[in-house]
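Please open the model in your viewer, with the sequence panel alongside, and keep a selection tool ready. The tour goes from one selection to the next and says at each stop what can be found there.

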Amino acid sequence: MSRPRTPARAPTRSPSRAPTRTQAERLAATRAVLLKEARKLFATEGYEAAATEEIVRRAEVTRGALYYHFNDKRDLFEAVFQEVAQGIAGTIDADAEPTTDPLQALIEGGKGFLDACLDPAVRRIYLIDAPSVLGWHRWRELDAPHGVRTLRAGIDAVLATHPDPGLRAEPLTFLLSGAFNEAALWIAGAKDEKAARREIDRTLDELIQRLFAPVTSAAPARSPRARARA
């Protein structure tokens, strides 16, 4: 007499495991958390007071991990600055792009810069600490692909539609860049920040409109000495 067959058991499945991260992914994650925590500390404490010991403690990594990715605190600050500068440029582009008129786009882009600098963290890192920590030359070099790029592109577009032989894009870029930086700091230091911002916005509109106003062919005004001889 044959034995009854035992029903076959379904194969058991091992518990699903989360995919293991690659070495490159782990390194990228560590770098990202270091930048995140360093940015917070630089913004609240300032560069000088921000200690690398506190940064690695907050990031929950070793000092060795910090120095694997960055040479020193200044190198870490430089990387944070580049992130901040890239974010500012993104705000400028977002504000300027919907405008088809180059003149108005330049105005809106300037207001976008001021919007970004309303964030105390951005202002502290980008405008207050970066020039002294990095030096003016390095600061400009790092910002060239970001804020300077967007401003230069806006000025080039305006000069293409409002040509003026007396204006050159490069010096004009740095003149306006300095004006925007000082405007952001002036707003931040005002007793009434909202009122100061309204004044800057109004003056910015007037300044850009007058700067690129059509050149007239009127005769130049005579000097006081020439009028005295007449």
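What follows is a walk through this predicted model, starting with the whole chain and ending with single residues.

**The whole chain**

Begin with everything selected and coloured by secondary structure: the chain comes to 10 helices and zero strands, so that the order of elements from the N terminus on reads α-α-α-α-α-α-α-α-α-α. If you then colour by accessibility, buried residues make up 37% of the 230 residues in the chain. A contact map would add that, among the contacts with a separation of 6 or more, 68% are accounted for by residues 24 or more positions apart.

**Helix α1**

Select residues 23-45, which form helix α1, and place a distance between the C-alpha atoms at its two ends. The 23 residues, at 1.5 Å a residue, should span 33 Å, and because the end C-alpha atoms are 33 Å apart, the expected and the computed values agree.

Within this helix, which residues are buried? They are Leu34, Leu35, Glu37, Ala38, Leu41, Phe42 and Ala43, and if you show what surrounds them, you will find them packed against α2 (52-59), α3 (63-69), α4 (73-96) and α6 (120-134). Just after α1, stop at glycine 46, which takes a positive phi of about 85°.

Now return to leucine 27, which also lies in helix α1. Is leucine 27 buried or partly exposed? Its relative accessibility is 24%, and because buried is reserved for values under 20%, leucine 27 counts as partly exposed. Setting aside its neighbours within four places in sequence, leucine 27 is in contact with Tyr68 and His69; the second of these, histidine 69, is 42 residues away in sequence, while the C-alpha to C-alpha distance is 8.5 Å.

**Helix α8 and its partners**

Next select residues 169-189, helix α8, and bring in three other helices in turn.

Take α5 (residues 102-117) as the partner to begin with: α5 and α8 pack at an angle of about 40°, with their axes 10 Å apart. That angle makes α5 oblique to α8, and α5 passes α8 in a right-handed crossing. Showing side chains here brings up Gly110, Phe113, Leu114 and Cys117 of α5 against Phe180, Asn181, Ala183, Ala184 and Ile187 of α8. By class, this contact of α5 with α8 has seven nonpolar, two polar and no charged residues.

Replace α5 by α6, and the angle with α8 is about 125°, the axes lying 11 Å apart. The two helices α6 and α8 are therefore oblique to each other, and their crossing is left-handed. Here Arg123, Tyr126, Leu127 and Ile128 in α6 meet Asn181, Ala184, Leu185 and Ala188 in α8, a contact that has six nonpolar, one polar and one charged residues.

The remaining partner on this stop is α7 (residues 136-161), which packs with α8 at an angle of about 115°, with the axes 9 Å apart. Helices α7 and α8 are therefore roughly perpendicular to each other, and the crossing of α7 and α8 is right-handed. On the α7 side, select Trp139, Arg140, Val148, Leu151, Arg152, Ile155, Asp156 and Leu159; they meet a set of α8 residues that includes Ala169, Glu170, Leu172, Phe174, Phe180 and Asn181. The residues of this contact of α7 with α8 divide into 10 nonpolar, four polar and four charged.

**Two aspartates**

Finish with two single residues. Aspartate 143 lies in helix α7, and because its relative accessibility is 1%, aspartate 143 counts as buried. What does aspartate 143 contact, leaving aside its neighbours within four places in sequence? Displaying its surroundings gives Phe81, Ala85, Tyr126 and Val148; Tyr126 is also one of the α6 residues that meet α8, and Val148 is among the α7 residues that do so.

Then move to aspartate 129, found in helix α6, which is buried with a relative accessible area of 10%. Not counting residues up to four places away in sequence, aspartate 129 touches Phe42, Gly46, Tyr47, Phe77 and Arg124. Two of these lead back to an earlier stop, since Phe42 is one of the buried residues of α1 and glycine 46 is the residue with positive phi just after α1.

Notes. Residues numbered from 1 in each chain as written. Predicted model: local features only at pLDDT ≥ 70, side-chain atom pairs only at ≥ 80, totals over all residues. Heavy atoms only, no water. Helix = DSSP H or I, 4+ residues; strand = E, 2+ residues; numbered from the N terminus. Expected span 1.5 Å × (residues − 1). Buried < 20%, exposed > 50% of the residue type's maximum accessible area, 1.4 Å probe, protein only. Contact = heavy atoms within 4.5 Å. Axes fitted to C-alpha atoms, helices over the stretch in contact; angles between N-to-C directions. Parallel < 35°, antiparallel > 145°, perpendicular 65-115°, else oblique. Left-handed = near helix turned anticlockwise from the far one by under 90°. Nonpolar A, V, L, I, M, F, W, Y, C, P; charged D, E, K, R; others polar.
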